[in-house]
Amino acid sequence: MVEKGRARIHRIRLLVLSGAFLLILGNPFLNFYLQINFVQGWYQSFGIGNLWFVSPLEGLESLLVAKQIFLPTLMGMLIPICLAALLGSVYCSWLCPISFFHELLDFLRKKVTGRKFLKDRLILPRRILWYVLIGEILLSLVLAAPVFVFLSPPGLVGREIMIAVFFHTLALEGVIVLLVLVMNLVTRRFFCRYFCPLGATLNVIGAKRKMRVIQDKEICTDCGMCDHSCPLGLTPSMGMAESVYCWNCGECTTVCKPGALEYHWVRKGDAGSVKESLPTAPSSSDPHQ
Amino acid sequence: MSFAGGIGNEAPLKRREFVKIMAGALSATILLPAAARALSFSKSPVATNRLRPPGAVPEEIFAGKCIRCGRCVEVCPYRSITLLDVRAGVFAGTPIIAAEEIPCYLCMKCVEVCPTGTLLKIRQEETRMGIAIVNKHICYTWQSLTICRTCFDVCPYKEKAITLDQLRPVVVEDQCVGCGICTHACPVSSEDGKKAVNIEPIHAWERVQW
């Protein structure tokens, strides 16, 4: 029962990813052919009626570069920031269209090569992520034009779909998306791991996140399946699922046969108190063995 | 520069010189075109008949404020607003209106959805996308070739923004919203593709009060 429940996390995540992608895929068609303007935009800024979402990094860049406070931008950033502060960078693993393409590519790769996990061929120090974030913000300030907003792969996916539907052409900068996807074949989630400033922002916001994958050392059998399964190349067996880099995709909880890795809702922000924390896996199945 | 000849004590000096020259040449070949490209990289795409949507902030901060979410393009019912691509440099992904192709019909839907205040919420008559300028040298009416008043007829602020002076069109500068409907309708085209009445986006070059 428990295993079934955990396998469900993987399936739910793929469903959510596909749904999030279908939303930005179908929305331009609704806007263009049926003139239904209720939903607009993609994950740079998304408007559902009067409920607006603004991507935290893009909003921050816009506010910093323009040096003007604009309240709707801040309000739009509120929900994504709260989400990231509580659940970590779930946007990256559960919603991002690039993640959707990555999963699709992984699926095809498994079909073609028959190998379940890909060995990461190019490994860089993880702290590059922070340098990229700082460098990106500094570069935006120097150029007085935000850099990430027109070169961000997740934003580009949405923009390319919209341009294809509205103007029946494609923009040149879509090459960046292809590049990101090709790098995924060298090292899984290469761009997400080392170069995504948005991911870095969400990681910073979610550094003290409430929902964490916590390892129960007493149950763990050191099989190492979680280390193989982690798309970011983290080692949950050594507790790295609690680090800032983890994006809470839940892949390790899916493959963990003994059930040592579970989503936990951390109460006091201290990761050590595993026993006191309440397990609240999205599968809501019985957490006990 | 005979590099192969350097033997003995002279070799390190020569090598250093060689490295210096090569480094200079390399940086020149990389930096000079880069500087030239950087100039066009940050050149605004706004020009005659190339307008920002209503309520746009000055070009000085437009690229900085706009987060390229494309929501203004999606809500535009006339498909007036199009997106620029990476050839516009840092302005890639910003919205623009080609007035002679599809002008702005001032439905004011785009200003409602902009999440960053790049398009400020303004009323229709407050819109200042530019100013229509009648080119008297090619306008048929001003040239006394015929009596055409197409621009006057299509103007949404008829008698206010465009008036007739002895049946010749005259633009009232402080009333013109710069929507470009007159440009779109004008039957006269000069060789460079411009019409007899064009929109000059002069408001886009205003300075920002910090």
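A charge is taken to sit over a ring when NZ of Lys or CZ of Arg is within 6 Å of the ring centre and within 35 degrees of the ring normal. In this predicted model, the charged end of Arg126(A) is placed in this way over the ring of Tyr245(A), 5.8 Å from its centre. A second such arrangement occurs in chain B, where Arg52(B) lies over the face of Phe62(B), at 4.0 Å from the ring centre.

Chain A contains 13 helices and five strands. Of its 289 residues, 52% count as buried. Its contacts can also be described by separation in sequence: among those between residues at least 6 apart, 72% join residues at least 24 apart.

Aromatic rings provide one way into the fold. Over all chains, a search of the whole structure finds 13 aromatic pairs. One of them joins Phe29(A) and Tyr33(A), whose ring centres are 6.2 Å apart and whose planes meet at 20°, so the pair is stacked. Both residues belong to helix H1 (residues 2-33) of chain A, and because they are four residues apart there, about one helical turn separates them. Phe29(A) is partly exposed, with a relative accessible area of 40%, and Tyr33(A) is likewise partly exposed, at 48%. A further aromatic pair, Tyr43(A) with Tyr91(A), is edge-to-face, with 6.1 Å from centre to centre and 70° between the planes. This pair links distant parts of the chain, 48 residues apart: Tyr43(A) is in the loop between strand S1 (39-42) and strand S2 (45-48) of chain A, while Tyr91(A) is in helix H4 (residues 90-95) of chain A. Tyr43(A) has a relative accessible area of 15% and is therefore buried; Tyr91(A), at 14%, also counts as buried. Returning to the stacked pair, Phe29(A) and Tyr33(A) are part of a cluster that ring pairs build together with Phe32(A), Phe166(A) and Phe167(A).

Charged side chains come next. Side chains of opposite charge can pair when their charged atoms come close. The structure holds 16 salt bridges over all chains. In one of them the side chains of Asp106(A) and Arg109(A) meet, with 3.4 Å from N to O. These two residues are three apart in helix H5 (residues 97-113) of chain A, and so are separated by about one helical turn. Asp106(A) counts as buried at 7% relative accessibility, as does Arg109(A) at 9%. Another salt bridge, between Arg193(A) and Asp120(A), has an N to O distance of 2.7 Å. Because Arg193(A) lies in helix H10 (residues 190-194) of chain A and Asp120(A) in the loop between H5 and helix H6 (128-143) of chain A, this pair ties together parts that are 73 residues apart in sequence. Arg193(A) and Asp120(A) are both buried.

In chain B, the side chains of Glu60(B) and Arg207(B) form a salt bridge at 3.6 Å, N to O. Here too the pair links distant parts of the chain, 147 residues apart: Glu60(B) is in helix H2 (residues 59-65) of chain B, and Arg207(B) is in the segment after strand S7 (197-200) of chain B. Glu60(B) is partly exposed, with a relative accessible area of 35%, whereas Arg207(B) counts as exposed at 63%. In chain A, by contrast with single pairs, salt bridges that share partners join Arg13(A), Glu103(A), Asp106(A), Arg109(A), Arg189(A) and Glu251(A) into one network.

Chain B also contains an open sheet of three strands in the order S1-S3-S2, with antiparallel pairing. S1 and S2 of chain B are the edge strands, each pairing on one side only. Strand S1 (residues 50-51) of chain B is joined to S3(B) by two bridges, and Arg50(B) stands opposite Ala98(B) in S3(B). Strand S2 (residues 81-83) of chain B is joined to S3(B) by three bridges, with Ile97(B) as the bridge partner of Ile81(B). Within strand S3 (residues 95-98) of chain B, Pro95(B) and Ile97(B) point one way and Ile96(B) and Ala98(B) the other, and all are buried.

Finally, the two chains meet. The size of an interface is often given as the accessible area lost when the parts come together. Chain B and chain A bury about 2900 Å² between them, 64% of it on carbon and sulfur atoms. Ile67(B), Arg71(B) and Glu74(B) supply 24% of the area that chain B buries against chain A, more than any other three residues. The contact involves 34 residues from chain B and 39 residues from chain A, and zero salt bridges are found across the interface.

Key
Residues numbered from 1 in each chain as written. Chains lettered and ligands numbered in written order. Predicted model: local features only at pLDDT ≥ 70, side-chain atom pairs only at ≥ 80, totals over all residues. Heavy atoms only, no water. Buried < 20%, exposed > 50% of the residue type's maximum accessible area, 1.4 Å probe, protein only. Pairing = 2+ DSSP bridges. Phe/Tyr/Trp six-rings, centres within 6.5 Å; stacked < 30°, edge-to-face > 60°. Contact = heavy atoms within 4.5 Å. Buried area = accessible area lost by both parts, 1.4 Å probe. Salt bridge = Lys/Arg side-chain N within 4 Å of Asp/Glu carboxyl O.
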